[in-house]
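Hi everyone, thanks for coming. I'd like to walk you through a structure that may be new to you, so please have it up on your screen while I talk.

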Amino acid sequence: MHSAAIVEAKACFMVLKSFIEYPLECNPADQQFGSSQSSTHKRYAYPDPPPLDPISTYPTDHRPLQFFSFRAIGSSSYRRAEPNCWTVSTSDVQYADIPDGRSFLGVPRHYRHSILVLQRAVKNWNSHQKLKFCVNFGDIVDGFCPKEESLTAVKGVVKEFDNFNGPSYHMLGNHCLYNLPRKTLIELLRIPSLNGHAYYDFSPIPEFRFVVLDGYDISAIGWPQDHPNSFEAMKVLQTKNPNAEKNSPMGMEGLERRYLMFNGAVGKEQLEWLDGVLRDSSMHGQKVIVCCHLPLDPGASSPEALMWNYDEVMDVIHRYKCVKACLAGHDHKGGYSVDSHGVHHRVLEAALECPPGTDAYGHIDVYHDRLSLSGRDKAQPLVIRHGGT
């Protein structure tokens, strides 16, 4: 199964990750960076945020989003200079046709420039003949995009992805759902869907499967107000968040701070689907990479950015040994952890503050037994060793 003929691959992996801000784009201060007895974690050496209330203060040292090429190489091909390749791209473009602005702490934000970064990235990808597909992690438009321009903005960003010489796979983020209804987004982004849900999987080569989760399956945004998933989400928020403003973590402690309106949960039906996909992957000897807009491990994310029921999702993932890594966005600081079952979690840094004329490029080499993240400029290097079994 691991012969060079079928395992060698290469992919382009572009990452544009959004940041959370309050109320539409809440960027709470990460005072503790999260903690978990079940994981070891590494937060990159960014300046510690000031010990103030997260509603009024959060870190100002935002790092540019990073673009990665993603290639998988079989164990018999480590010394080959030009392996065969496939393409993966993740992006939170957060484009809006509005003047540059700042967060309420004064961090510059370059709304129009973000789509130029995407255009340059696609041009770069297309210069490599062997790049096969891309994955977008959600939030392709910003929450401050004027609502009368939302449809045009989403179509414009999708068009840029379509200029890539291969298929694009998308997922929903909270900023997407601030702009357009879930049903409309699913159609525009061509997300495989059943009854309005946005979770699916695909296999670029037989040995690997990508699982895309719908982190806003249970959510107070995106669904019609009278939808059962909206009711369930509001019940969670009313039970877990004592504040009148449900995007505020004021007075909440530790991991309870994740119960905010700009987060969401995976529903029971999706959990059952995930279990079935991982069981099938295990039976066929596939390695799995789980992708979701929302982070799934406290060690890799601030509490305010976590999925509401990340623990339930990880309980399913931990039943099997096939999942090697979970990739996410949403938390502007980025992070990395390895949980108690050896699953690696990588949250990708924000990029909206990337100044005009600048880019951040890198690549991820995916070997039989490891993922090696290399980057230029702001891209943080990392080697994820997963053993290959």
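Let's begin with D139, which sits in the loop between β6 (134–136) and α3 (150–162). Please keep in mind that what you are looking at is a predicted model. Is D139 buried or exposed? Its relative accessibility is 0%, so D139 counts as buried. The backbone at D139 is worth a look too: phi is positive there, about 60°, although D139 is not a glycine.

Now hop over to R190, in the loop between α5 (182–188) and β8. R190 also has a positive phi, near 55°, and is a residue other than glycine. What about its surroundings? With 52% relative accessibility, R190 counts as exposed. So here is a pair to remember: D139 is buried, whereas R190 is exposed.

Next, find Y169 for me. You'll see Y169 in strand β7, which covers residues 168–170. Its relative accessible area is 23%, and partly exposed means between 20% and 50%, so Y169 falls in that class. Which residues does Y169 touch, once we leave aside its neighbours within four places in sequence? Those contacts are F133, C134, V135, N136, Y200 and F202. There is also a nice spacing to point out: G138 is 31 residues from Y169 in sequence, while their C-alpha atoms are 9.9 Å apart in space.

Let me zoom out for a moment. The protein has 389 residues, and buried residues make up 62% of them. It contains 8 helices and 16 strands. If we take contacts between residues at least 6 apart in sequence, 73% of them join residues at least 24 apart.

One of those helices deserves a proper visit, and that is α7. Helix α7 spans residues 268–283, which is 16 residues. From its first C-alpha to its last, α7 reaches 23 Å, close to the 22 Å expected at 1.5 Å a residue. Which residues of α7 are buried? They are Q270, L271, L274, D275, V277, L278 and S281. If you look down the axis of α7, these buried residues fall within an arc of 165°, so they line one face of the helix. Turn to the face pointing away from that buried side and you meet the exposed residues K268, E272 and M283.

And what covers the buried residues of α7? The cover includes the strands β8 (200–205), β9 (208–212), β10 (287–292) and β11 (323–328), along with helix α8. Following α7 there is G285, with a positive phi near 70°.

Last stop: a pocket. Rolling a probe the size of a water molecule over the atoms shows where empty space is left. In this model, the second largest pocket holds about 190 Å³ of space. Two elements give two or more residues to its lining, α6 (228–240) and α8 (310–317). Of the elements, α6 gives the most, with 4 residues. The lining has 13 residues, and V236, A265, W308, N309 and E312 lie nearest the centre of the pocket. How many of the lining residues fall in each class? There are 6 nonpolar, 2 polar and 5 charged residues.

That's the tour. Thanks for listening, and I'm happy to go back to any of these stops.

Conventions
Residues numbered from 1 in each chain as written. Predicted model: local features only at pLDDT ≥ 70, side-chain atom pairs only at ≥ 80, totals over all residues. Heavy atoms only, no water. 1 Å grid on protein atoms, 1.4 Å probe; cavity = no way out; pocket = protein on both sides within 12 Å on 5 of 7 lines; lining within 4 Å. Points joined across faces, edges and corners; volume = space filled by probe spheres on them. Nonpolar A, V, L, I, M, F, W, Y, C, P; charged D, E, K, R; others polar. Expected span 1.5 Å × (residues − 1). Buried < 20%, exposed > 50% of the residue type's maximum accessible area, 1.4 Å probe, protein only. Arc of directions from axis to C-beta. Contact = heavy atoms within 4.5 Å.
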